[in-house]
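User: Could you take a close look at the sheet in this model and at what packs around it? I would like one connected walk through that part.

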Amino acid sequence: MNEPATPHEAAPVTVARDIDTGRIIARGGDGLAHGILERTFFLRQVHGTTWHRMSPTVLPAGQAAVAQLAVARLQAAGYRVEADAEYATETTQDRYVTDGRSIANLAAAIRDAASPAEVSDRLEEVTAAHDGILAALDQLLHSLAAVYDGLGGPADRHIAARMCYLAEHRLGPITADLLPTRAELADRSTAPARPGTSLPAAPPAAPAPTASGRTR
């Protein structure tokens, strides 16, 4: 991850309205700052350098409030922000635990695992059918494909097909590789994977029927 150990030492972030385009623009910062901006209705632009512009989905009446929210979140993470007076604020807003951060925490847990069995146990969240991380990414790509199929533009059908291709021919092989990887790691040990845990207890046996057909 691009999260700095001491965010306040990173380059300052400027948030200001561009004179030429009228857009609210954010420049500076590092990977963590960029992620905060992108979760606050800013779109990443990469043209030589990385910068961000406020999404056109934000109505003009709400742009100042959104810019202030971005400033508050950046300041909460320890960044020095230089903003137009209209967007400056002394407040901060702590970041919530994002889905990306949850996956990063899972990656750290795998890296710090004490045994192959524990790694296998952690991978369950990645490879689980239907609602694991990889399954969710597959659903996301197919949902994007459905959106583009419905837009009807000249290139939209091609983009929809590309999303399906990514799901089936890029994501699919990753899933196919990780499933046996998890099993291979588990087969190296029969001990419970996570320290302090035990295997779930077996469900109680069904009551035996009596001669009359009633259960005891």
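Analyst: Happy to; here is a walk through the sheet, its hairpin and the helices beside it.

Please keep in mind that this is a predicted model. The chain contains seven helices and five strands, and from the N terminus the elements follow the order β-β-α-β-β-α-β-α-α-α-α-α.

Let's start with the sheet as a whole. Five strands make up an open sheet with mixed pairing, and their order across it is β3-β4-β2-β1-β5. The edge positions belong to β3 and β5 (81–83); each has a single partner strand, so one side of each has no neighbour in the sheet. On average, neighbouring strands are turned by 20 degrees against each other, with direction ignored.

Now for the individual pairs. Strand β1, residues 13–17, runs antiparallel to strand β2, residues 24–28, and five bridges join the two. If you want a spot to look at in this pair, take Ala 16, whose bridge partner in β2 is Ile 25. Strands β3 (residues 42–47) and β4 (residues 49–54) are also antiparallel, and here there are six bridges. Arg 44 is bridged to His 52 of β4. A single residue separates β3 and β4, which form a hairpin. In the turn you will find Gly 48, with a positive phi of about 80 degrees.

As a general point, side chains in a regular strand alternate between the two faces of the sheet.

Next, the helix that lies over these strands. Helix α1 lies across β1, β2, β3 and β4, and runs at about 20 degrees to β4.

That helix also has a helical partner. α1 (residues 31–38) packs with α2 (residues 63–76) at an angle of about 150 degrees, and their axes are 9 Å apart. The crossing of α1 and α2 is right-handed. On the α1 side, the contact is made by Ala 33, Ile 36 and Leu 37; on the α2 side, Ala 70, Arg 73 and Leu 74 take part. By type, the residues of this contact comprise five nonpolar, one charged and no polar.

Finally, some context from the whole chain. Of its 216 residues, 28% count as buried. Among contacts with a separation of 6 or more, 49% come from residues 24 or more positions apart. The chain exposes about 14,000 Å², of which carbon and sulfur atoms supply 56%.

Technical notes
Residues numbered from 1 in each chain as written. Predicted model: local features only at pLDDT ≥ 70, side-chain atom pairs only at ≥ 80, totals over all residues. Heavy atoms only, no water. Pairing = 2+ DSSP bridges. Helix = DSSP H or I, 4+ residues; strand = E, 2+ residues; numbered from the N terminus. Axes fitted to C-alpha atoms, helices over the stretch in contact; angles between N-to-C directions. Left-handed = near helix turned anticlockwise from the far one by under 90°. Contact = heavy atoms within 4.5 Å. Nonpolar A, V, L, I, M, F, W, Y, C, P; charged D, E, K, R; others polar. Buried < 20%, exposed > 50% of the residue type's maximum accessible area, 1.4 Å probe, protein only. Areas by Shrake-Rupley, 256 points an atom, 1.4 Å probe, with all protein chains shown as cover.
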